[in-house]
Amino acid sequence: MSTAIPRPELSALEAHIAAWGLPTTEHRLSKRLSSSMDEVRAFYDAMLPKLPEVIDYLNQFPLDGIPKNDNPLVWATLAMCEVDNAVNKWNRVVLDTGIDIRRMIPKTSFSDRGYE
Amino acid sequence: MGKAENLALPEIGSHALGTGKLPVDHYVSPQFFELEKKHIFRKSWLLVGRASDLKEPGDYQNFLVDTLGVSVVVVRGRDQQLRAFYNACTHRGSRLVNSSTGNTRALVCSFHGWSFSLDGALINAPDAALFADLDPAQEHLKSISVDVWGGFIFINLAEQPEWTLQQYLMPLGDAFDRYLGNKDWSWSFGWRANFRANWKLLVDAQIEGYHVDMTHRKTIAGTVPGSSTAAYFFPESVGVPCGVSAYRPEDSSRGVQTPLNLLSAKYGATSIYTKPERTFAAEGGEGVLKEDHPLWIFDNYLLFPNIVLFVQKGQIIIQRTLPISADECIWEVDFYHTEKPASFGHIFNMEQGVIQIRDVLSEDLYTAEGIHANFKCGAITHVNLNKQEVPLRAYYNRLLSAVQGGKVKGAP
Ligand code: FES
Ligand SMILES: [Fe+2]
């Protein structure tokens, strides 16, 4: 077993982590849609260089063993997936060639038709 | 598998089903929609669920065919048999279950308390002596045909379905049945949305590759070029009129690979979710692929009338569309995988894949409402179809034959 990977030094990122470390994909989508492109890009640019290190750090834990304190870091890392296309393909916060993503309601199972 | 001589990409289609324009009335006419309800939704095999979601005796699900007002209860019996019934109490017709899924010892009506066993027999009517001549044997829940293929539950509202489910899905064959039926497939995520569009427009958007370069210009364009999609049709099939295969471009540098894509790919397969040939074959995938091709990404099949089934190495995507009226529908998509994420890297990888595919789907869905409005207002009366859109022609032919009560050539 290799030695534990220490938590990367992230003090310069803490404000971004607090802002983008939201618990679900839907929250992170709303955050993107309500941010300016400058805000999205600032988050992306700050986070990207640290990302490989952060993933290696989080990846060393079993899923149920990730320190609770790191939840915002987990979520902010996943938020990078949410802003990826905005930064790299669209140069805007909304994909204007698709339906509003918020019309797509997440399901909880194959049979979930929302009439519980 | 994966032989080098397969590198030449397949032909993209043919004009064998004709070249004429198609009228658009079938998408907007209320009269035609009545025919669809009668001849299609009341007679086709409809995908309603996954057998492994109803494992234990008493596990049930409630499937609503909105436009018919039909609610169906599918329930696992104590004998492990799956049965389907109209969700209608035979006392005075109340619905028996209201939630999407659940587990119960008996189907108990909450109006006056009649209760039915899991096989539909009336087992108790409170104060039965109050009735003049109640014969419980006559008050059995009304049964609906149900069968399982590929681990998925289908129902058929016809009194006597014209074809067995196996006959219906014939072009897909036993290898498919076994592969998709593999118990390891489990539901990962899905979405649903309502559209102000005819239900078929949501299906049409998924069964041709001609749209890919333009519709997906802001997402996957380049990674799955339109020219690398092969269209095909099965004119003799009742339930699988057509399909499309998609391939990677021979030039692997096409399309934008973002740093996030490349990073997430280190921890698993993302939106283009593909396993190595050997893993795929070991999981029972042998014989499933239409094409044995190193650049192959997915096959999709239209399961008539309303399902588009995508099969990849390691991922199944099912799109379902059910009408509410001629002008409104519910669209759903569901993803199945054989692995659950076990580490953060894998979660990161899945998140990237989910978001990428979500954005692509949002583009596929984008045009439907505009098309429907244009059809409805008479701005467009006919559509043009090319070789690559031949699956739409096959779909249309199957649709017309179904509403005319017509048999399919060569079908059993
Ligand atoms: S309607 Fe069901 S018990 Fe009366
Ligand atoms: Fe598409």
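## The iron site

Donors are N, O and S atoms within 2.8 Å of the metal. This model is predicted. In it, the donors of the iron ion (ligand 2) follow the spacing H-x4-H-x147-D along the chain. H211(B) and H216(B) each give their NE2 atom, and D364(B) contributes through OD twice. The coordination distances run from 1.9 to 2.8 Å.

The angles among the four donor atoms span 51 to 143 degrees, and the site of the iron ion (ligand 2) is irregular. A tetrahedral site would need all angles between 85 and 135 degrees. Water is not among the atoms, so sites may look incomplete. Both histidines, H211(B) and H216(B), are buried.

## A seven-stranded sheet

Chain B holds an open sheet of seven strands. Their order is 2-11-10-5-4-3-6, with antiparallel pairing. Strand 2 (45-50) and strand 6 (101-103) of chain B each have a single partner strand, so one side of each is left without a neighbour in the sheet. Neighbouring strands of this sheet are turned by 30 degrees against each other on average, direction ignored.

Take one pair in detail. Strand 10 (residues 143-149) and strand 11 (residues 152-156) of chain B are joined in the antiparallel sense over five bridges. Here D147(B) stands opposite F154(B) of strand 11 of chain B. Helix 4 (residues 173-181) of chain B packs on the sheet and touches strand 2 and strand 10 of chain B. The direction of helix 4 makes about 90 degrees with that of strand 10 of chain B.

## Helix 2 and its neighbours

Helix 2 of chain B covers residues 30-41. At its start, a side-chain oxygen of S29(B) comes to within 3.2 Å of the backbone nitrogen of Q31(B).

The buried residues of helix 2 are F32(B), F33(B), E36(B), K37(B), H39(B), I40(B) and F41(B). They pack against several elements of chain B. Among them are helix 1 (25-28), helix 5 (199-204) and helix 11 (390-403). Strand 2 is also one of these partners, as is strand 17 (315-325).

## D119(B) in its loop

D119(B) sits in the loop between strand 8 (115-116) and strand 9 (122-124) of chain B. Its relative accessibility is 38%, so D119(B) counts as partly exposed.

The side chains of D119(B) and S117(B) share a polar contact of 2.3 Å. Leaving aside residues up to four places away in sequence, D119(B) touches R83(B), F85(B) and H140(B). N182(B) lies 63 residues from D119(B) along the chain, and their C-alpha atoms are separated by 26 Å.

Methods. Residues are numbered from 1 along each chain as its sequence is written. Chains are lettered from A and ligands numbered from 1 in the order in which they are written. This is a predicted model: local features need pLDDT of at least 70, side-chain atom pairs count only at pLDDT 80 or more; totals for chains, interfaces and linings use all residues. Side-chain values use heavy atoms; hydrogens and water are left out. Donors are N, O and S atoms within 2.8 Å of the metal (3.2 Å for Na, K and Ca); water is not among the atoms, so sites may look incomplete. Four donors count as tetrahedral if all angles lie between 85 and 135 degrees; four count as square planar and six as octahedral if opposite donors are over 155 degrees apart and all others between 65 and 115; anything else is irregular. Buried means under 20% relative accessible area, exposed over 50%, partly exposed in between (1.4 Å probe, protein chains only). Two strands pair if DSSP finds at least two bridges between them. Helices (H or I, at least four residues) and strands (E, at least two) are DSSP runs, numbered from the N terminus. Axes are lines fitted to C-alpha atoms, for helices over the stretch in contact, and angles run from 0 to 180 degrees between N-to-C directions. Contact means heavy atoms within 4.5 Å. A polar contact is a pair of N or O atoms within 3.5 Å; within protein, one must be able to donate a hydrogen and the other to accept it, and residues adjacent in sequence count only if both atoms are side-chain atoms.
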